[in-house]
Amino acid sequence: MASLLYSQVVKMTLLEEHIKEREKELKELKEYEKELKECEKELYSKECVIQSINFVVDEASKKVPGLKEYEKFSCYLATILAREKQVVVVWLRILLDSCEIHLSKNFAWLDYDLKYIDKIMKYLKDISNNAPAKLSNVENAFTETVMLYCSAKLESRLKKLKDYIKNNSNNEHVKSFKDFFLTNINYTDSMTMISYVCNLYYKEVKDKQNKSNKSKIPLEFLEYIKKVGSYAGSMSGIIDCARNIQFKQLFFNVKVFKRSPVIINNQSIYSWKNIIRRFIDEEKYKEFMDKCLNKTKVMERMRKVYTDNTTQQQQLLNDDDVKQCIYLHAEMNILTYIIDNKINGRTFIAVSKKCCYLCELYINFARDQGYNIIVTGNHKKVYSGWKLPNVKDSNFKIRSLRYILKSLDQIIGKKLEHYTRSLPAVLNSNENSLNPNNSNENMDTYYKNTDKKIKKFSLF
Ligand SMILES: [Zn+2]
């Protein structure tokens, strides 16, 4: 009897201990979730302050990684899939006898986009099926489809180049480009042909630079040329890949996955004053605000950042209920999939625009955790509304959050310390810098044929 009672007591104690253990775990989980929520709110609040006072954190990186052939193909695809102001991300996953194309963008996929992607994939399969024989009619249809889809973005890039040419018409580099242009083109008002000639010109300049390492052509001008030329370069690059018999199997078994955008419209954030007062006292805050009032760019950005998307009203700088729209950047959307599926091998993510500073920080953190992520470049700008990826591994999530917050704290702290210094001007955005190095064989014939439906443009 006594031993039975004893075993009952032991059981009861074990049960009590188990309940206590569970309670402790639940408490820890709640605390952890609270920390996560709090840190996320802090992150979204600090992004707003930094975009206003230190939009460009550092100089844009000029490093371009060495890419494999199929990785270049991802870049070309990202270029021709991005229309208007959209950012498109392409990740090509090569499997044993097939390939997956993962796509993501910062806007919803419309029917118009889906039909376009289907058409492009069909053309690629057809070209690849017939390789090494050329399917001129399909290649022609491909270039026409691409040009129709991308013409608005190409036109806006052409306008920027035209403005530059107009403002620098007496400079030697502009004159020399004009000579090259007129020697190599018959249809001077065809957008596709202008893109083609710009691509030729850019490659020639780069070749010369590689040989002698000297060029008097300003980088800004070359960037305009490169962006205009990127369409012709990407189209011929894609056709070259599809015609390559090595990739036959991959194109034959290609599957396309489109990831949906993630947007949160009403994220609660701390006010401007709340965040800044965490770094400086009230007296210094007043001084800092006086300085800000004299900085037009800061005030402009601040107004933009704290304006409510739905009401279009500017929210008070000391309000305790500020709302912000946040969304997952397209490259982070793909990266979430890679992390959730623990894909550790070399992973190249092609982005139609260079990555922002927060994406760069997150990628750096992922690299530290063993993910071999490669991107084409960073522009070091901080955008408010950047959403933290919601990866399944909660430990990864909280540690990445702490890593990013540490960096943001340093930026704000440093900026406030030197708040009397003038703030950097807004730099030009640096879109995809990849220059295709391909044959352009037959392409000029296609470009001449594509122009019937596409708007005319006069560069000079
Ligand atoms: Zn980004």
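**Helix pairs, sheets and unusual backbone positions**

Helices H12 and H13 are roughly parallel to each other (a term for angles under 35 degrees, whereas angles over 145 count as roughly antiparallel, 65 to 115 as roughly perpendicular and the rest as oblique), because their axes cross at roughly 15 degrees. The structure is a predicted model, in which local features need pLDDT of at least 70 and side-chain atom pairs count only at pLDDT 80 or more, while totals for chains, interfaces and linings use all residues. Residues are numbered from 1 along each chain as its sequence is written. Helices (H or I, at least four residues) and strands (E, at least two) are DSSP runs, numbered from the N terminus.

H12 covers residues 330-340 and H13 residues 357-368, and their axes come within 11 Å (axes are lines fitted to C-alpha atoms, for helices over the stretch in contact, with angles from 0 to 180 degrees between N-to-C directions). The crossing of H12 and H13 is left-handed, meaning that the near helix is turned anticlockwise from the far one by less than a right angle, clockwise being right-handed. Glu-331, Met-332, Leu-335 and Ile-339 of H12 meet Cys-359, Tyr-362 and Ala-366 of H13, where contact requires C-beta atoms, placed from the backbone, within 7 Å. Six of these contact residues are nonpolar, none is polar and one is charged (Ala, Val, Leu, Ile, Met, Phe, Trp, Tyr, Cys and Pro are nonpolar, Asp, Glu, Lys and Arg charged, and the others, Gly among them, polar).

A second helix pair is formed by H3 and H4, whose axes come within 10 Å and cross at roughly 155 degrees, which makes H3 roughly antiparallel to H4. Here too the crossing is left-handed, and the contact involves Tyr-116, Lys-119, Ile-120, Tyr-123, Asp-126 and Ile-127 of H3 together with Val-138, Glu-139, Ala-141, Phe-142, Thr-145 and Tyr-149 of H4. By class, the contact of H3 with H4 comprises eight nonpolar, one polar and three charged residues. Pro-132 lies in the loop between H3 (111-130) and H4 (136-167), and the peptide bond leading to Pro-132 from Ala-131 is cis, with omega near 5 degrees.

Five strands form an open sheet with mixed pairing, in the order S3-S2-S1-S6-S7, where pairing requires at least two bridges found by DSSP between two strands. Its edge strands, each pairing on one side only, are S3 (254-259) and S7 (373-374). S2 (residues 99-105) and S3 run parallel and are joined by six bridges, with Cys-99 opposite Val-254 in S3. Helix H2 packs on this sheet, where H2 touches S1, S2 and S6 and its direction makes about 150 degrees with that of S1. H12 also packs on the sheet, touching S1, S2, S3, S6 and S7, and the direction of H12 makes about 135 degrees with that of S2.

Strands S4 (residues 263-269) and S5 pair in the antiparallel sense over five bridges, and Ile-264 stands opposite Ile-326 in S5. The covered face of S5 (residues 322-327) carries Val-322, Gln-324 and Ile-326, whereas Lys-323, Cys-325 and Tyr-327 are on the uncovered face.

Two residues other than glycine have positive phi values. Glu-84, in the loop between H2 (69-81) and S1 (88-94), has phi near 45 degrees, and Glu-84 counts as exposed because 9 C-beta neighbours lie inside 10 Å. Residues are exposed with 12 or fewer other C-beta atoms, placed from the backbone, within 10 Å of their own, buried with 20 or more, and partly exposed in between. Lys-342, in the loop between H12 and S6 (347-351), has a phi of about 45 degrees and, with 10 C-beta neighbours inside 10 Å, also counts as exposed.

Definitions and conventions
Two residues are in contact if their C-beta atoms, placed from the backbone, lie within 7 Å.
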